Every structure is written in structure tokens, then in C-alpha cells.
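The following report describes one protein chain, from its surface to its interior and then through its sheets. Please read it alongside the sequence and the coordinates shown here.

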Amino acid sequence: MTSHDRRGISFSSEVEFGGTSLYTSSWFVRIKRFLWSDWEAEQGIQMQRPGEVLTEPDEMQQGFTIYDDFHTIDWVKDLSRDRRRHRFLELHRRDTWRKKLGFLWDSGAAWICVSLVGLLCGCVSAFLDIGTGWMVDLKSGFCKDAFWFNQEQCCWMSNSSSFDDGDCEEWTTWAELLGATKETQTYYLQYLSYVLLGGFMASLAGFFVQTFAPYAGGGGIPELKTVLSGFIIRGLLGKWTLIIKLFGVMLAVASGLVLGKEAPLVHIACCIGNIVSRFFPKYCKNEAKKREILSAAAAAGVSVAFGAPIGGVLFSLEEVSYYFPPKTLWRTFFCAMVAAFVLSTINPFGNDHMIVFYVEYKTPWIIIEIFPFVFLGALGGIFAAAFIKANVFWCKLRKETALGKYPIVEVTSVALLTALLSFPNPFTRMETTKLITLLVRDCGKGHSTDLCDYYYIYDNRTTPYGIYQAGQGVTNASILLVLAFIVKLCMMMITVGMKIPAGLYIPSLAIGAIMGRLVGIGVEQIFYFFPILGEGLCSEHCIMPGLYGMVGAAAFLGGVTRMTVGLVVIMFEVTGGVRYILPLMLAVMTSKWVGDALCKNGIFEELIELNKYPFLDIKEEVEKLTVAADVRQPKDGETFTLLTQDGMTVGQLEKILMECTFNGFPIVVSEEGRHLFGFVLRRDLVLALDHAKRTKSDVDQTTLISFADMSFQDENHYNIIKMKKIVNMATITVTDVTPMETITDIFRKLGLRHLLVADKGTLLGIITKKDLLHHLKDH
């Protein structure tokens with residue numbers, strides 16, 4: 001029997017210690033439990049299964065552990081238990097043909113599991129892309145003959161000869177439906193429909209999140225980093241979170257809010273990984289092993305979000321994963337590859353690529369452009385640091401004021417304000433991915449947008465290096481881009497963190513692309529008026545403003561997230577050109593250096609700290625001169641709750657469990673000498689006591705408890721509950737003078753929940769992971 005969180009499904013898998021097992025029951029019962037477990041959890045129902053009896057006390061040690069909500073898993077214990085399980089299967093694989101099949105299934109379960117995760121991620125991503133595109137176009141109108149078609153599909157199926165910027169006879173705008181005939185009437189009716197439909201979609205997404213799955217709000221990356229580091233957050237990766245996140249992010253993106261679907265797609269992929277792993281006992285019964293599947297799922301999410309499978313693997317390794325052994329690397333790569341293959345096969349964008357803003361550059365960059373690339377990196381770091389500080393300030397204001405008590409009102413208000421500011425400017429009105437495509441695409445003859453309004457359109461003059469003077473259209477577009485930059489940056493500051501599915505990758509790329517395109521136009525015009533700068537370096541055409549848009553996008557996103565290698569590889573896969581890796585590396589590294597100088601952490605680490613998640617960053621350096629004595633609890637002279645190996649009664653143990661909320665207790669030989677004997681978890685104690693009361697009829701408050709193999713000589717003490725099998729006698733200890741740097745490394749590399757402090761075998765205190773985090777933060 002397991003406890004459940006009211007907000008969603010238990011992150012720990014449904015388990016039982018005996019009787020009818022979930023994994024040996026019929027498929028009908030299994031599917032029934034799968035479908036209804038979330039609802040039962042939300043109603044606070046304890047699921048009592050037929051024949052559920054704890055048959056032997058050592059099943060708690062040999063089976064698996066159910067962790068409580070907001071607790072840390074025991075990496076050492078879980079991984080050790082998996083190794084023992086695998087050795088047992090290997091030793092007995094030749095006993096019978098069933099055991100041999102069981103061993104083969106266990107050996108291939110990992111590859112089967114990641115294959116299913118990749119397959120489902122690709123399908124879900126395609127559905128998300130198609131659904132989002134339809135909802136975005138729905139704000140402007142609908143297809144009268146096929147309502148389920150978006151604007152592009154509707155106009156392509158039309159036999160009409162008139163086709164101008166997506167407008168065709170088959171596509172009916174809301175202004176046309178309302179009978180508008182004049183241009184002014186059409187503009188204001190379209191403006192009104194854009195604002196009202198945007199506000200409605202956003203409020204609907206906020207309502208779904210608030211009502212059905214609170215963990216579906218936000219991007220989910222800070223929570224995923226915390227979970228993958230070994231923390232339990234029930235409901236974060238459940239079925240309802242998956243469903244609400246999927247449809248909520250469609251509504252949120254279509255509403256016009258300054259957010260993206262890429263980070264939510266990573267969260268959705270991890271939900272898929274968690275759900276699929278339930279059908280594999282190897283993973284559902286072991287939280288440490290389950291995180292290997294979640295790491296692979298995170299890579300698959302990035303793979304389908306950006307069309308970058310290799311970048312997805314590096315993202316998982318660099319940004320979210322905590323435990324990443326070599327075998328997980330291969331499985332993660334395979335999962336990302338399967339997801340990318342499935343998405344490419346479905347082809348939701350109707351082109352040869354997996355993302356909508358894929359670009360190819362054919363003109364090489366020149367050495368003198370290193371300086372503007374570095375300048376772009378510095379700008380990206382400065383604006384990114386400003387965004388992080390402003391967003392954290394707004395999130396704190398939301399938590400500390402009445403603003404956070406009305407999330408749906410906040411979402412609706414921000415959506416209406418965003419729509420009001422966005423519609424007049426074509427660069428803020430268009431879909432973000434289309435804006436990025438426009439900004440990173442290089443100009444050429446035949447391009448009719450204002451960004452490509454150069455004087456070469458009107459004559460065929462020969463100019464140095466193929467660079468032309470900017471026309472009035474470029475000037476007007478630049479002014480609108482400056483306004484779009486201000487609007488998007490300011491609105492993203494207050495949008496990220498709302499109770500709505502919201503990612504920041506695509507908005508960050510868009511803001512950076514605007515910045516880069518403006519710098520690129522400036523550099524291009526400098527070379528036009530001062531051609532001596534390119535003498536001996538330029539060929540026919542050497543300055544591409546579109547490339548600056550791509551570099552600026554990477555610079556700003558790198559400054560916000562502090563990603564380096566993974567981000568460069570993702571952008572490389574997007575551009576498809578090896579020759580542009582160096583400009584991307586220069587901009588990303590400069591952005592990170594400037595960002596680190598102005599703001600210590602990236603946005604995800606800041607949000608983790610704001611939400612007070614127990615995340616111990618493996619990349620953070622410890623610069624403390626303190627020792628274990630400064631951190632351990634209790635301090636000298638304070639009361640220390642201990643258990644003795646023999647002599648305690650059931651009444652004494654129950655009193656300790658009732659008065660103390662600790663998750664575990666040290667066991668000593670005697671209270672006088674405090675010689676360390678072992679450590680026992682609170683949950684194991686509760687289960688062992690419950691088992692003893694149900695299986696023995698003579699257990700009362702005076703019944704003795706023994707944690708050791710001691711035989712009592714007193715004939716009055718024949719009734720003893722032996723609990724040695726739930727005691728961890730291989731505890732890891734440090735001394736009082738152990739430096740905090742060493743202690744932090746022990747917690748990071750071993751994934752410990754606690755560390756005992758002893759001196760020559762005498763117990764002095766304990767250091768928990770939360771104690772360590774508080775100490776690092778306060779000092």
C-alpha cells in the first residue's frame with residue numbers, strides 16, 4: 001500500500017510487498033489500475049489490493065523502497081540492490097527455460113524501454129506541432145471547407161488563383177465573417193479577435209493547469225533537474241501532468257504569449273519515460289534506475305524540439321542529468337535517434353527537416369568578423385543577466401503578494417496585455433518560429449520583405465563584396481525590430497514562471513535573433529561605406545546579417561541558461577554548417593563569461609533556489625573553509641535522538657516515531673558510549689512494526705525490539721521482534737574535522753541522503769543533504 005499526493009500520480013511506482021502483484025496480474029487489471037490510479041490518488045484513496053500481506057520482514061530489504069513525497073532517494077542502496085538482482089538472475093539463468101527467458105528479457109529491457117520512449121516522443125511531438133500550428137492560425141480565421149486545416153493547408157488545397165501571403169478564397173478571416181468591408185474595419189476586427197481569442201486560450205490553459213495538474217505549469221526544467229538529482233516530487237511526471245501539459249502548451253503558444261513549447265516538450269518526454277518505465281519492473285521498482293530512462297527521455301525531448309538528436313544527448317548530459325554512466329549515454333543516444341527518426345518520418349512541417357526554422361548558409365565568414373561576434377556574445381550576456389534578475393524579482397513578488405493567489409487572472413491579464421502590444425507590430429504578431437526563420441535567413445534578390453529592401457532591387461549596380469546600401473524598408477524594419485525586442489524581453493520577464501505551460505528556449509532565441517540581426521545590418525552597412533575593412537578578406541559576398549541573427553540567438557540563450565557545448569551542437573545541427581561552429585562558440589562562451597560576471601547562476605538554478613528545491617549542483621565549486629563540526633546536527637550539548645541495538649520496547653519506539661519527524665535514526669550499542677552500530681530508515685521501522693503486529697498476536701507495548709543478533713537469557717523476554725535485516729550496518733562516516741569540500745564531493749558522487757559524523761567509532765552527529773544545502777547557501 002502506498003500513499004499518494006493529491007495533486008497527481010505518485011512519482012514512485014505502485015508497489016506491494018506480497019499477495020497479488022501488479023506485475024503478475026492480468027493485463028485487464030493492470031490497465032484498470034493504470035487508468036484510475038491518478039484519480040484515486042487525487043481523491044486521497046488508499047488502494048487496498050486483494051491479498052496484500054507483508055509475508056516476510058526481509059522483503060523490505062530485498063524488494064524495493066517507496067520514498068515519501070519531497071524526500072531524497074538512496075542512490076547507493078538502490079544501485080546496490082539492482083546489482084544484486086542482476087547477479088541473482090545471471091546465476092540462475094540456466095536453471096529453467098523460464099529463468100533464461102527472464103534473464104534475456106531483463107538484459108534487453110533497457111533498449112526496449114528507450115525505444116518505446118523515443119517512438120512515443122516522436123509521435124507526441126508531431127501531434128503537438130500540428131495542433132499548435134492549427135491553433136495559432138485559428139486566431140486569424142478558419143478554413144470554411146475543412147475546419148481542421150491550418151491556413152497553409154487550406155490555401156494549398158484551394159483551386160483559387162489568388163494567393164497572397166496565405167490569404168485565399170478558402171480561408172475566412174473573422175473580420176470577413178463579421179461582415180467587414182472597409183480596410184479600417186477589417187484591421188480593428190482582426191485586432192479584436194486576436195486579443196480576445198488570445199486571452200481566452202491563455203485563460204483556458206491556466207484553468208486546466210490550476211484545476212487538474214498544478215505541476216504542468218512552467219517549463220518544468222528546474223523540477224526535472226531536481227528529480228534527476230534524486231529528489232521525489234509526486235505528480236510531476238504523472239499521466240494528468242502529461243495530458244494537461246500537452247494540450248495546455250498548445251493553447252499557451254497559440255495565445256501569443258512570449259513563451260515556447262520546447263521546454264514543456266522535454267517535460268512531456270520525461271512524463272512519457274516515467275509512464276513507460278512502469279511496465280518494466282527493473283525500472284519501476286528502482287528509483288535510481290528509473291532516472292536513467294528519464295535522462296534518455298529528456299534527450300529525446302530536445303531531439304524532437306530542435307531536430308537535434310546529438311544536441312539532445314549533450315543537453316541531457318550537461319544540463320539536466322545527475323547520474324550519467326557510459327551505458328546510459330548509449331541508450332540516451334539511441335532514444336534520441338529513434339525520436340528524431342519518427343518525427344522525420346511523420347514530417348509535420350511538410351519539408352525535409354524536423355524544425356521549421358532550419359537554415360543553410362553558403363557564404364563563409366571572415367576573420368575580422370570575430371570582433372562583432374564577440375560583441376554579440378557580450379550583449380547576450382548583459383541582456384540575459386538583466387532578464388534573469390528581473391524574472392526572479394517578479395517571481396518573488398508573485399510568491400510574496402496576492403498576485404500568486406489568482407494565477408488564472410494573472411495569466412489572462414498578461415495574455416491580453418501581450419496581445420494588445422503585439423498586434424500592431426508584424427514582428428511581434430507573427431509566430432515566434434516564423435520570426436526566427438525570417439531573422440536568420442539571408443537576403444537575396446527576389447526576397448520582398450522589408451528586411452531585404454536594399455537598393456540592388458532597383459538597379460544592377462556593382463558594389464564591393466556584394467554588399468548593397470540599405471533601403472527605407474530596412475530602416476523601417478530595424479525600428480520595428482527594436483520595438484519588438486523591447487516588448488518581447490519585457491513580456492518574457494513576467495511570463496516565465498506563471499501557472500501555465502511556458503518554455504523560454506524559443507523566445508530567448510527570438511530575442512537573441514532580433515539583437516543579432518540588428519548588429520548584422522549595422523556591420524553590413526559599415527562594410528558598405530568603408531570597403532577598406534574587407535580588402536583582401538572578402539570575396540563576392542562576405543557579410544550575412546542572417547548569420548548574425550543565428551549567432552545572436554545562441555548568445556542570448558546561452559546567457560540565460562549558461563549552456564555551452566550542448567547549445568553549440570544544437571545550433572550547428574540547425575544550420576547544418578561546420579564552418580560556423582567557431583562564431584557560435586565565441587558568442588556562447590563570451591555570453592557565459594559576461595553572464596557569470598553579472599549574475600552567478602543561470603535561470604534554472606535561480607528558479608531552483610527560489611523554490612527551495614534540494615538540488616546540489618555538481619558544477620558549483622565549494623569555497624568554504626568550514627568543517628563537518630560546523631554543519632552536523634545536533635551541536636555539542638544538544639539532545640540527540642538515538643536508538644539502541646537492544647533493550648528498546650515497542651512502546652518506546654512508537655513514542656520516538658510519534659514525537660520525531662526524522663526520516664532515519666542512528667543506532668548505537670548503548671546510550672552511554674554511543675558506539676555506532678548502524679542506521680535505520682523511519683519508513684522501514686514503520687513497516688516492520690506493522691508487519692509484526694499483523695503476524696504476531698502477542699505484540700504489545702512491552703515487547704522488546706532487537707536490531708542485533710543478541711539472544712536474551714531472561715526467560716521473560718522470549719517475545720522479541722528482530723529487525724536486524726532492515727539495519728544499514730555499512731554506513732558512511734566522516735570525522736568532525738573533515739573539510740566541507742570533501743563532504744560535498746561525497747554527497748555529489750555517491751548521491752547520499754545523509755552522512756554520519758563519528759570519532760573513533762563514537763557517534764557525534766549527522767549531516768543531511770538539506771543541512772548541507774542550507775550551510776552552502778548561508779555561508
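## A nonpolar patch on the surface

Helix α9 gives the most to the nonpolar patch, with three residues. The model discussed here is a predicted one, and in it the patch is formed on the surface by F127, F207, F212, W240, I243 and F247, which together have about 530 Å² of accessible area. Two helices, α7 (183–212) and α9 (239–254), each supply at least two residues of this patch.

One of the patch members, F247, lies in helix α9. Is F247 buried, exposed or partly exposed? Its relative accessibility is 38%, and F247 therefore counts as partly exposed, given that the partly exposed class falls between the limits of 20% and 50% relative accessible area.

## A buried serine in helix α7

Helix α7, which supplies at least two residues of the patch, also contains S203. With a relative accessible area of 18%, S203 is buried, because the class of buried residues takes in values under 20%. When residues up to four places away in sequence are not counted, S203 touches I408, V411 and T412.

## The chain as a whole

The protein chain has 779 residues, of which 58% count as buried, and its secondary structure comes to 28 helices and 11 strands. The chain exposes about 34500 Å², and carbon and sulfur atoms supply 61% of that area. Among the contacts between residues at least 6 apart in sequence, 75% join residues that are at least 24 apart.

## Two nonpolar cores

In soluble globular proteins, nonpolar side chains tend to be buried together. The largest nonpolar core of this model has 171 residues, and the members that touch the most other members are I221, F306, F387, I500, Y505 and F556. Helix α20 (residues 505–529) gives the most to this core, with 13 residues.

Which residues does Y505 touch, not counting those up to four places away in sequence? Its contacts are I221, E262, A263, F306, F315, L557, T561, M563 and F604. Apart from the largest core lies another core, of 23 residues, which includes I656, F677, A692 and I705.

## Strands β3, β5 and β6

Strands of a sheet pair through backbone hydrogen bonds, either parallel or antiparallel. Strand β5 (residues 664–668) pairs with β6 in the antiparallel sense, over five bridges, whereas strand β3 (residues 643–644) and β5 pair in the parallel sense, over two bridges. Individual bridges show how these strands are set against one another: P666 has F679 as its bridge partner in β6, while V668 has L676 as its partner in β6 and is itself the partner in β5 of T644.

Strand β5 is mostly covered, with five of its five residues buried, and strand β6 (residues 676–681) is likewise mostly covered, six of its six residues being buried. In a regular strand the side chains alternate between the two faces of the sheet. For β5 both faces are covered, since G664, P666 and V668 on one side and F665 and I667 on the other are all buried.

## The sheet of β4, β7 and β8

An open sheet of three strands has the order β4-β7-β8, and its pairing is mixed. The edge strands are β4 (648–649) and β8 (720–722), each of which pairs on one side only. Strand β7 (residues 704–706) and β8 run parallel and are joined by three bridges, and within this pairing I705 has I721 as its bridge partner in β8. I705 is also among the members of the 23-residue core.

## The sheet of β9, β10 and β11

Another open sheet is formed by three strands in the order β9-β10-β11, again with mixed pairing. Here the edge strands are β9 (733–734) and β11 (762–768), and each pairs on one side only. Strand β9 and strand β10 (residues 754–759) pair in the parallel sense over two bridges, and V734 has V757 as its bridge partner in β10.

How values were computed: Residues are numbered from 1 along each chain as its sequence is written. This is a predicted model: local features need pLDDT of at least 70, side-chain atom pairs count only at pLDDT 80 or more; totals for chains, interfaces and linings use all residues. Side-chain values use heavy atoms; hydrogens and water are left out. Buried means under 20% relative accessible area, exposed over 50%, partly exposed in between (1.4 Å probe, protein chains only). Helices (H or I, at least four residues) and strands (E, at least two) are DSSP runs, numbered from the N terminus. Two strands pair if DSSP finds at least two bridges between them. A nonpolar core is a set of buried Ala, Val, Leu, Ile, Met, Phe, Trp, Tyr and Cys residues joined through side-chain atoms within 4.5 Å. Contact means heavy atoms within 4.5 Å. Patches are made of residues with over 30% relative accessible area and no salt bridge: like charges are joined within 9 Å, nonpolar side chains (Val, Leu, Ile, Met, Phe, Trp, Tyr) within 5 Å. Accessible areas come from the Shrake-Rupley method with a 1.4 Å probe; for residues, only the protein chains shown count as cover. A salt bridge is a side-chain nitrogen of Lys or Arg within 4 Å of a carboxyl oxygen of Asp or Glu.
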